[in-house]
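The following note is offered to a colleague beginning to read protein structures. Please keep the sequence and the model in view while going through the numbered points.

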Amino acid sequence: MFINSFAPILNESMGFKADDRIRRAIARDRKYMLTTTKEDFPLVVQKASGDYIHDISGNRFIDFSTFISVYNFGGNSRKEVREAIVKQIDLLMHNAFTDYYSEGPVNFAESLLKMLPNGFGKVFFSNSGTEANEAALKFARIFTKREYVLAFYGAFHGRTYGSLSMTASKTVQRAGVGPLGPVVHAPYAYCYRCPFKLEYPSCGMACVDYIKKYPLSKEIPANETAAIFMEPIQGEGGYVVPPKEFVKGMREIADDNGMLLVDDEVQAGYMRTGKFLALDNFGVKADIYTFAKSIGAGLPLGVTVTRSSLGDLKPGSHANTFGGNAAVVAGADALLGYVRRNMVRIESGVKERSRIAMKRLNEMKENYEIVGDVRGIGLMIGIEIVKDKKSKIPGVKERDAIIKRAFESGLVLLPAGECSIRIIPQLEIDKKVLEKGLDILEETIRKVSLTA
Ligand SMILES: Cc1ncc(COP(=O)(O)O)c(C=O)c1O
């Protein structure tokens, strides 16, 4: 079917109606696909361009989801990225990078290392976020010769066994598949719902003390713990931004006990917060960084980067067939080139768009009882929906209703955590489109508030 790229953004007065083609596509998906995490709105995608997603029936939606945080630089990535991929595909798709030498992946590794702190390092390629973390976990254990890992409630590091052992976001993700690996979880600094019922900063960072006093004193010997795995901002867990002291506290605990700090930049990284590394917002450096999602520019790529002083690994100690794939890396290198050439402009653009979005969202927080919290750095922003501000009871139904109705009005949003919504448009979104998306969101919140 012809897709009209000038199709109007949907609005509720027109009302989104799933036509036969959409209904059929969804029915066939449900019939044949074993398990998914699809949301409860009938988005059957056909193409993406810049700020928009187009469905198979010619509807156009503003994208505040970046296809689950993958298209940081616009739907279907940039033209030069697609051209680099096509050029490489014509030459060679699969390069067997674990067994044969090739220049492309090494060029990309060299370029990536220029974005990391001095002293990094060594690069390992895989195909996804979970694999990047799986590799980091194995490397941390090999480097330290220690067994245990400390991770956080609310964390999402992936779904394969090692990464899943560190994930503690929703029980459904772990149910029925145990036993999992030797990972102990501690509360993350989720200040809006402090597990200790304290308030920042008068809490004195009780969550940092807790880790020292409980998991590391009573459960896993600190000197047998290989690493602390953390997201600098929790993503799937609800877009939770910790105070700087928390992140610094983790660095100190790691240093005091000879553990490594592994920083999962899969969702928060790659300029999303305005900086290449989200961890840089906290003035902390890690020992191992992991990336996926946007670093692949739309193709599957996981990257694990280790500090040089950790040394090397025995040949054969870890590998995979497609890591460093020629076509994937060609696209990733083209996008990274764009990012490096435009760093300053991108960073200030993210800050400017963040200010616009935060101002509007904080006004919504003032005006609507169901908007409990607004938080984020750069364009990684979460809003938490509650029954009312005082009780803070999670507004799960309200959150789901907002996402569904916003979709029907032409805006694609994704949930996070128990009752939050993520606002993650592409980093160079047209400011008028950003405002339009925020208008749709506000109108939807207004309507849902009235029925709440
Ligand atoms: C922070 C973080 N780490 C790891 C992953 C897992 O990535 P993948 O789905 O590519 O395995 C995700 C996915 O959402 C993530 O947000």
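1. In what sense do strand E4 and E10 pair, and over how many bridges? Strand E4 covers residues 120–126, and its pairing with E10 is antiparallel, over six bridges. The reader should bear in mind throughout that this is a predicted model.

2. Strand E10 deserves a second look. It comprises residues 302–307. Six of its six residues are buried, so the strand is largely enclosed by the rest of the structure. Strand E9 (residues 288–291) is also joined to E10, by four bridges, and the two run antiparallel. Thr304 in E10 is a useful place to see both pairings: Phe124 stands opposite Thr304, and Thr290 stands opposite Thr304 as well.

3. The chain as a whole may now be described. Its secondary structure amounts to 13 helices and 15 strands. The C-alpha trace spans about 60 × 60 × 45 Å along its principal axes. For 452 residues, a compact globule would have a radius of gyration near 22 Å; the chain has 22 Å, and therefore agrees with that expectation. Buried residues account for 49% of the 452 residues. Of the contacts between residues at least 6 apart in sequence, 74% join residues at least 24 apart.

4. Two domains are assigned. Domain 1 is made of 20–69 + 348–451, while domain 2 is 79–341. The centres of the two domains, taken over C-alpha atoms, are separated by 26 Å. Contact between them involves 21 residues of domain 1 and 18 residues of domain 2. On the side of domain 1 that touches domain 2, helix H11 (343–367), E11, E12 and E15 each supply at least two residues. The residues of that side divide into seven nonpolar, seven polar and seven charged.

5. Strand E12, one of the elements just named, consists of residues 380–385, and six of its six residues are buried. Which residues point one way from E12, and which the other way? Met380, Gly382 and Glu384 point one way, and Ile381, Ile383 and Ile385 point the other way. All of these residues are buried, Glu384 included.

6. The pairing partners of E12 are next. Strand E11 (residues 371–377) is joined to E12 by six bridges, and the strands run antiparallel. Ile377 is found opposite Met380 in E12. These two strands form a hairpin with two residues between them, in which Gly378 takes a positive phi near 60°. E12 also pairs with strand E15 (residues 420–423), again in the antiparallel sense, over four bridges. In that pairing, Ile381 has Ile423 of E15 as its bridge partner.

7. Finally, the ligand should be examined. How many residues surround the ligand, and which are the closest? There are 14 residues around the ligand, and the closest are Ser128, Gly129, Thr130, Val266 and Gln267. Helix H5 (residues 129–144) gives the most to this shell, with three residues. By type, the shell around the ligand divides into three nonpolar, eight polar and three charged residues.

Note on methods. Residues are numbered from 1 along each chain as its sequence is written. This is a predicted model: local features need pLDDT of at least 70, side-chain atom pairs count only at pLDDT 80 or more; totals for chains, interfaces and linings use all residues. A residue is buried if 20 or more other C-beta atoms lie within 10 Å of its own, exposed if 12 or fewer, and partly exposed in between; C-beta atoms are placed from the backbone. Two strands pair if DSSP finds at least two bridges between them. Domain bounds come from an automatic or database domain assignment. Two residues are in contact if their C-beta atoms, placed from the backbone, lie within 7 Å. Ala, Val, Leu, Ile, Met, Phe, Trp, Tyr, Cys and Pro count as nonpolar, Asp, Glu, Lys and Arg as charged, and the others, Gly among them, as polar. A residue is near a molecule or strand if its C-beta atom, placed from the backbone, lies within 6 Å of it. The radius of gyration is taken over C-alpha atoms; the globule rule is 2.2 Å times the number of residues to the power 0.38.
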